[in-house]
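Hello! Here are some notes to read with the model open beside you, set out as numbered points.

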Amino acid sequence: RVYILDVMATKGHVTDLTLEEKGYYGVEIKGDKISPLYSHIYRCASCKRSVSKEVETCPYCGSNLISSSLSTINAMRKLALEVDQIFIATDPDTEGEKIAYDVAVNVSPYNPNIMRIRYHEVTRSGIVEALRSVCTLDMNTVNSQIVRRIEDRWIGFELSKLLKLRFGDRNHGAGRVQTPVLGWIVKRTTEYK
């Protein structure tokens, strides 16, 4: 089989939990149901930081050199109309699967013929092998990444507030908290058993 491929980079995530004043850190809670709310990502060309709410200037450095992932999404949509089949090839980890899911959600109305490929090396043999092993998105992995991101927001943002109160309003943050929280859950589960 011969493929003629158009290759396009997403440059990482195209959406993230919103930072707009919606829900609890971008997650609506209604009874036992939670609904994550997403926004496009706005990246600053000057300081390289990103934010998941619409901004005209960078909230970190004040630059107006802002690009939106919406331009990447629109380019993918346009390209999706011009091709027979779409192969989504992001990293083969949970973040990559979430990026692949976001790409699929955004382009499927324009071309529903979407396949997932996974490769571990950007070589001819790695890509050829991936094209021979097409599959679909792993929704369990996508859902686990969604939960990890919510956990990051809820716990990390609250811890960051405490750090800023304790050490002044400097740029202190808890960062990613997935590993410690997962460790805590495993420990509690083991204790329970």
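**Notes on a predicted model**

1. First, the long-range picture. This is a predicted model, and 56% of the contacts in the protein chain with a separation of 6 or more join residues 24 or more positions apart.

2. Now the layout. The protein chain holds five helices and nine strands. Read from the N terminus, the order of elements is β-β-β-β-β-β-β-α-β-α-β-α-α-α. The C-alpha trace spans about 60 × 55 × 35 Å along its principal axes.

3. Next, burial, surface and charge. The protein chain has 193 residues, and 31% of them count as buried. Its accessible surface is about 12,900 Å², with 54% belonging to carbon and sulfur atoms. You may also like the charge figures: there are 27 positive and 23 negative charges, and their mean positions lie 3 Å apart.

4. A helix pair deserves a look. Two packed helices are described by the angle between their axes and the distance between the axes. For helix H2 (residues 94-107) and helix H4 (residues 139-167), the axes come within 8 Å and cross at roughly 105°. H2 is therefore roughly perpendicular to H4, because angles of 65 to 115 degrees count that way.

5. Which residues of H2 and H4 meet? On the H2 side they are Thr94, Glu95, Glu97, Lys98 and Tyr101. Their partners in H4 are Met139, Thr141, Val142, Ser144, Gln145, Ile146 and Arg148.

6. Glu97 is worth selecting in your viewer. This residue lies in helix H2 and is among those that meet H4. Is Glu97 buried or exposed? Its relative accessibility is 2%, so Glu97 counts as buried, the cut-off being under 20%. Leaving out residues up to four places away in sequence, Glu97 touches Thr90, Asp91, Arg116, Arg118, Thr136, Leu137, Asp138, Thr141 and Val142. Among these, Thr141 and Val142 also appear on the H4 side of the helix pair.

7. Phe167 belongs to helix H4 too. With a relative accessibility of 39%, Phe167 counts as partly exposed. Its C-alpha atom is separated by 23 Å from that of Leu19, and the two residues are 148 residues apart along the chain.

8. Over in helix H3 (residues 124-132) you will find Ile127. A relative accessible area of 28% makes Ile127 partly exposed. Setting aside neighbours within four places in sequence, Ile127 is in contact with Tyr119, Glu121 and Val122. Ile127 and Ile4 are 123 residues apart in sequence, and their C-alpha atoms are 13 Å apart in space.

9. Two backbone angles may catch your eye. Most residues other than glycine have a negative phi. Lys11, however, has a positive phi near 65°, and phi of Tyr25 is also positive, near 55°.

10. Where do Lys11 and Tyr25 sit? Lys11 is in the segment before strand E1 (15-17), while Tyr25 is in the loop between E1 and strand E2 (27-30). Their surroundings can be compared by accessible area. Lys11 has a relative accessible area of 67% and is exposed, whereas Tyr25 has 19% and is buried. Tyr25 falls on the buried side because the cut-off is under 20%.

Note on methods:
Residues are numbered from 1 along each chain as its sequence is written. This is a predicted model: local features need pLDDT of at least 70, side-chain atom pairs count only at pLDDT 80 or more; totals for chains, interfaces and linings use all residues. Side-chain values use heavy atoms; hydrogens and water are left out. Helices (H or I, at least four residues) and strands (E, at least two) are DSSP runs, numbered from the N terminus. Buried means under 20% relative accessible area, exposed over 50%, partly exposed in between (1.4 Å probe, protein chains only). Contact means heavy atoms within 4.5 Å. Accessible areas come from the Shrake-Rupley method with a 1.4 Å probe; for residues, only the protein chains shown count as cover. Lys and Arg count as positive and Asp and Glu as negative; His and the chain ends are not counted. The place of a charge is taken as NZ of Lys, CZ of Arg, CG of Asp or CD of Glu. Axes are lines fitted to C-alpha atoms, for helices over the stretch in contact, and angles run from 0 to 180 degrees between N-to-C directions. Angles under 35 degrees count as roughly parallel, over 145 as roughly antiparallel, 65 to 115 as roughly perpendicular and the rest as oblique.
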